[in-house]
2 protein chains.
Amino acid sequence: MAPPLQPDEMDAVFAALASEPRRRILDVLKKEPGANVNRVCAFFDDMGRVAVMKHLAALEGANLVVSEKSGRERLLWFNPVPIHMIYDRWTTEFSDYWAGRLARMKYTLENAPVPIKTRKGGHRG
Amino acid sequence: MAPPLQPDEMDAVFAALASEPRRRILDVLKKEPGANVNRVCAFFDDMGRVAVMKHLAALEGANLVVSEKSGRERLLWFNPVPIHMIYDRWTTEFSDYWAGRLARMKYTLENAPVPIKTRKGGHRG
DNA sequence: CCGTCATGTCACCTTTCGGTTACATATGGC
DNA sequence: GCCATATGTAACCGAAAGGTGACATGACGG
C-alpha cells in the first residue's frame, strides 16, 4: 500500500476540498480531462482567470490536479490518488464506528471522563 | 440513506478537517468520549483555552463534535456521521476511478480537449 | 516579423483565520 | 455567603486566503 499521507499533506488535501469553487474545478476536469486553463475559466462567470489559477495552484499543491505543459498551454487532469488514500485510511480508522458498536458506547452519557486535576486557575484563562 | 451534505456543509467538514490541531482534538475525543473543555485543553501545550474553544466551535459547526452541558462543564463527543456521509459519497463518486478503468484513460495524454473558441482576449487577463 | 493568444507574475486590497489577553458569568462545595 | 473552578465572550492583532487589474513572457500562425 502507498505510504500514508503526512499531516501537512492532509492539510493540503482537505483545505483544497473545503471550497466549493475548487470542487467544481475538479468536476470540470473529471468531465474534460486534459482541459487547459482557459477552458476551466470558461466555467466560472463569477471569477477571473487569476483567481482560477490560484485555485488550481491549491489543487496541484494537494496533488489533486496534475498538469503538463504543451506548447503555450497547460493541460490539466484530475488525480484521484489523494482522495483514495484518505478513503483507505478512513476505512480502517472508522470501521468500528460504522459497525455501530463504538457509536452506541459513545453516546452513553454515563462514560464521563475521570475527574482531572489541572493546575490552579484551570487552563490559563 | 441520509440526505447528502450540502455544499456549505461540505465546506465546513473539510475545513474543520484541514487542520492538524483539530484532527488531534478529534483523536482526543475518540479516546476520551465525554471529555470536558479543560480536559481537551490539557493535551495542547502550545495553545490556550480560547484557541481550543474556537477549534471546538469549528468542529461543532461541522457537526464533527457534539456537546452537552452538564452543570458548569460542557462534555464533548466525537460524531463520525459527517465523515461517514462523505465516505459514502466517495464510494459512489470514485468507484470507477479506483477500479482503474477511468484512471488509465485519464493519464493517456492524447485525449486533449477539443479546441475551444473563447471570446477574443481569452479570459479577461 | 508581428500580432494574438495562453499563461505567468506582481502589487494591492479586503476578509477570514488563528491566536492572544482581559473580563464576565455561572456552578459547586465548604 | 464566599471563593475556586469551568466556561463564555469581547477586543485586538498578525498572517493567510481569495479576489482584483496591470503587466511580462513565450508560443503560434499568417
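Student: How many residues does the contact take from chain A and from chain B?

Tutor: In this predicted model, the contact takes 55 residues from chain A and 55 residues from chain B. The size of an interface is often given as the accessible area lost when the parts come together. Here chain A and chain B bury about 5000 Å² between them, with 65% of it on carbon and sulfur atoms.

Student: Why do the copies meet through the same surface?

Tutor: Of the interface residues of chain A, 98% are also interface residues in chain B, so the two copies use the same surface to meet.

Student: What turn and what shift along the axis lay chain A on chain B?

Tutor: In general, two copies of a chain are related by a rotation about an axis and a shift along it. In this case a turn of 180 degrees and a shift of 0.0 Å along the axis lay chain A on chain B, with an RMSD of 0.0 Å. The two copies are thus related as by a two-fold rotation axis.

Student: How many salt bridges are counted between chain A and chain B?

Tutor: Side chains of opposite charge can pair when their charged atoms come close. Between chain A and chain B the count is 4 salt bridges, whereas the structure holds 12 over all chains. In one salt bridge, the side chains of Asp11(B) and Arg23(A) meet at 2.8 Å, N to O. Asp11(B) belongs to helix H1 (residues 7-17) of chain B and Arg23(A) to helix H2 of chain A, so this pair joins two chains. The count of residue pairs in polar contact between the chains, with both residues at pLDDT 80 or more, is 9.

Student: Which element gives the largest share of the side of chain A that touches chain B?

Tutor: That share, 10 residues, comes from H5(A). Helix H5 (81-99) is one of the elements of chain A that each supply at least two residues of this side, and others among them are helix H1 (7-17) and strand E3 (73-78).

Student: What is the order of the strands in the open sheet of chain B?

Tutor: Strands of a sheet pair through backbone hydrogen bonds, either parallel or antiparallel. The open sheet of chain B has 3 strands in the order E1-E3-E2, with antiparallel pairing. Strand E1 (35-36) and strand E2 (65-70) of chain B stand at the edges with a single partner strand each, so one side of each has no neighbour in the sheet. Between E2(B) and strand E3 (residues 73-78) of chain B there are 6 bridges, and Ser67(B) stands opposite Leu76(B) in E3(B).

Student: Which helix of chain B lies across E1, E2 and E3?

Tutor: Helix H2 (residues 20-31) of chain B lies across these strands, and runs at about 95 degrees to E3(B).

Definitions and conventions
Residues numbered from 1 in each chain as written. Chains lettered and ligands numbered in written order. Predicted model: local features only at pLDDT ≥ 70, side-chain atom pairs only at ≥ 80, totals over all residues. Heavy atoms only, no water. Pairing = 2+ DSSP bridges. Helix = DSSP H or I, 4+ residues; strand = E, 2+ residues; numbered from the N terminus. Contact = heavy atoms within 4.5 Å. Axes fitted to C-alpha atoms, helices over the stretch in contact; angles between N-to-C directions. Least-squares fit on C-alpha atoms with pLDDT ≥ 70 in both. Buried area = accessible area lost by both parts, 1.4 Å probe. Polar contact = N/O pair within 3.5 Å; in protein donor to acceptor, adjacent residues only side chain to side chain.
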